[in-house]
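Dear colleague,

Please find below the structure that I am handing over to you. My findings follow it, arranged by element.

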Amino acid sequence: MVMESLPSSFPTPILNSPSTIFSDQPFPKPRPIVPLLHTAKPRFEPLWCTMSRSFETETKSKEAKLWGGRFEEGVTDIVEKFTESISFDKQLYKHDIMGSKAHASMLAKQGLISVSDRDSILQGLDEIERLIEAGEFVWRTDREDVHMNIEAALTDMVGEPAKKLHTARSRNDQASTDFRLWCRDAIHRIVASIRHLQVALVKLALNNEGLIVPGYTHLQRAQPVLLQHLLLAYVEQLDRDAGRLLDCKARLNFSPLGACALAGTSLPIDRFMTANALGFTAPMRNSIDAVSDRDFVLEFLSANSIIAIHLSRLGEEWVLWASEEFGFITPSDSVSTGSSIMPQKKNPDPMELVRGKSARVIGDLVTLLTLCKGLPLAYNRDLQEDKEPTFDSVKTIVGMLEVSAEFAQNITFNVERIQKALPAGYLDATTLADYLVEKGIPFRTSHDIVGRSVALCVSKNCQLQDLSLHELRSLNPVFDEDVYEFLGVENAVKKFSSYGSTGSGCVAKQLGHWVTKLGIDGSRPH
């Protein structure tokens, strides 16, 4: 299924002054929309001609609302402007049309509309989709949202059959169905972006075989690790991210369609037919839950937030490593920016923005959590506000994933700088403690002995491997010549052998797993 384009950043109102805001003057009327020109040959005659004006320009006078039967007057301009959602929910058009097609086919099968009516509806929906994708469809604010815009346009186009489409359907179940379909497609897109970043990280690991870097805890030197091992840690995080999204998809993939406003319907509909036609696992069991549930969005945005946190951590590490203080990586010019005042600067801005935009994704989740926390069952208009944070979260997380992959493909690790940095910090101290354990010394005693060994090195301004055997035996007589096989970062890394560790053999197995799983050709340079 083709994903619809995601929304651009939200427009920010320009407020001139408090006096303007609280003025008695009426709000200025919106500028008229320039009529759209049609070059395609009409497919519906003569009904197409009768409704062409409604596609070509906004009507000067408001048309009656489809729900307006019990009302004696229309809403004011201010209310209409405040309550419309067509400005952002129009991107659900493809999913709204999918749902309507499935619903119309079910109504015909159940004998609630004729086959002829069904065919007119399906042809009209095809034409509306064509017009939208050709940029020839005029979205009308007075029709409120994507659902009413499409239904009203369909009525203009095919007449009476369109008025039967909303049989046994409410905008409550319709909107939830459309949104679930959209989120399902968005999950596929994000998972694809996650895989792309995983591939970029694995290829980066393949190109840096054997490179040892300092491993950190508390941002202090801890133990030596293979760079490949470190990069694969992010690949593991991303795999859990993809798993969470797919789990979320499994839970959201149930159909609300046919739940109607909240209580279902007395008409003989077949909800299993529409659920199957739309690729859902089954209809939702409870019609009240079907129209009021937004757990699927909360879970979706929660998964996105965890992805954002993982990417922010990656961004933080690479920003630090690109600094002069570390100097472990050099981003290429193609993924760097400069300073407007300092000519020497070369900034890893993409990863700084990845770190920054994580706040936006987390904020989208908090918005939805706050939105839902006080709502009684069943549907409430508040839920119209679930769309924009979700659209923004998806757009932002896809961008973060894409630019992180781009950055990973355009950095080099500064081997000489990294190797010069390795001696500092006594990274082989824990391996030395393991040596003593193998000699039969209890670990806590070993810990104390190595701690005193480090203190001796500090006083002598040397490394552990520089201590003589005599000096080591002064701390404990168990030390022997074989101790030097455990000292130095290269020897320390060779000694790691536990499952999942940073030992060369262990990392090679991890790397092989990801090369196979992601379908990467590991036999050639990347």
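Helix 9 is mostly covered in this predicted model: of its 36 residues, 28 are buried. The helix runs over residues 171-206, and at 1.5 Å a residue its 36 residues should span 52 Å. The C-alpha atoms at its ends are 52 Å apart, which agrees with that expectation. At the start of helix 9, the backbone nitrogen of Asn 172 has a side-chain oxygen of Ser 170 within 2.9 Å.

One residue of helix 9 that deserves separate mention is Asp 185. Asp 185 has a relative accessibility of 4%, so it counts as buried, the cut-off being under 20%. Its C-alpha atom is separated by 9.7 Å from that of His 95, although the two residues are 90 residues apart along the chain.

A second pair of residues involves a loop. Val 138 is placed between helix 6 (115-133) and helix 7 (146-158), in the loop that joins them. With a relative accessibility of 6%, Val 138 also counts as buried. Val 138 and Asn 149 are 11 residues apart in sequence, and their C-alpha atoms are 8.9 Å apart in space.

I turn next to the packing of helices 13, 14 and 15. Helix 13 (residues 295-321) packs against helix 14 (residues 349-372) at an angle of about 160°, and the two axes are 8 Å apart. Because angles over 145 degrees count as roughly antiparallel, helix 13 is roughly antiparallel to helix 14. The crossing of helix 13 with helix 14 is left-handed. Sorted by class, the residues in this contact are 17 nonpolar, 6 polar and 4 charged.

Helix 14 also packs with helix 15 (residues 387-408), again at an angle of about 160°, with the axes 9 Å apart. Helix 14 and helix 15 are therefore roughly antiparallel to each other. Helix 14 passes helix 15 in a left-handed crossing as well.

The loop between helix 14 and helix 15 contains Ala 378. The peptide bond leading from Leu 377 into Ala 378 is cis, and its omega is near 10°.

Two further residues call for attention on account of their backbone angles. Tyr 426 is not a glycine, yet its phi is positive, near 55°. Tyr 426 sits in the loop between helix 16 (415-421) and helix 17 (429-438). Its relative accessibility is 18%, which is under the 20% cut-off, and Tyr 426 therefore counts as buried.

Asn 461 likewise has a positive phi near 55° in a residue other than glycine. Asn 461 is found in the loop between helix 18 (443-460) and helix 19 (469-475). Is Asn 461 buried or exposed? Its relative accessible area is 73%, and since over 50% counts as exposed, Asn 461 is exposed. Tyr 426 thus counts as buried, whereas Asn 461 is exposed.

For your reading of the coordinates, the places to visit include the cis bond from Leu 377 to Ala 378, the positive phi of Tyr 426 and the positive phi of Asn 461.

With kind regards

Conventions. Residues numbered from 1 in each chain as written. Predicted model: local features only at pLDDT ≥ 70, side-chain atom pairs only at ≥ 80, totals over all residues. Heavy atoms only, no water. Axes fitted to C-alpha atoms, helices over the stretch in contact; angles between N-to-C directions. Helix = DSSP H or I, 4+ residues; strand = E, 2+ residues; numbered from the N terminus. Parallel < 35°, antiparallel > 145°, perpendicular 65-115°, else oblique. Left-handed = near helix turned anticlockwise from the far one by under 90°. Nonpolar A, V, L, I, M, F, W, Y, C, P; charged D, E, K, R; others polar. Expected span 1.5 Å × (residues − 1). Buried < 20%, exposed > 50% of the residue type's maximum accessible area, 1.4 Å probe, protein only. Polar contact = N/O pair within 3.5 Å; in protein donor to acceptor, adjacent residues only side chain to side chain.
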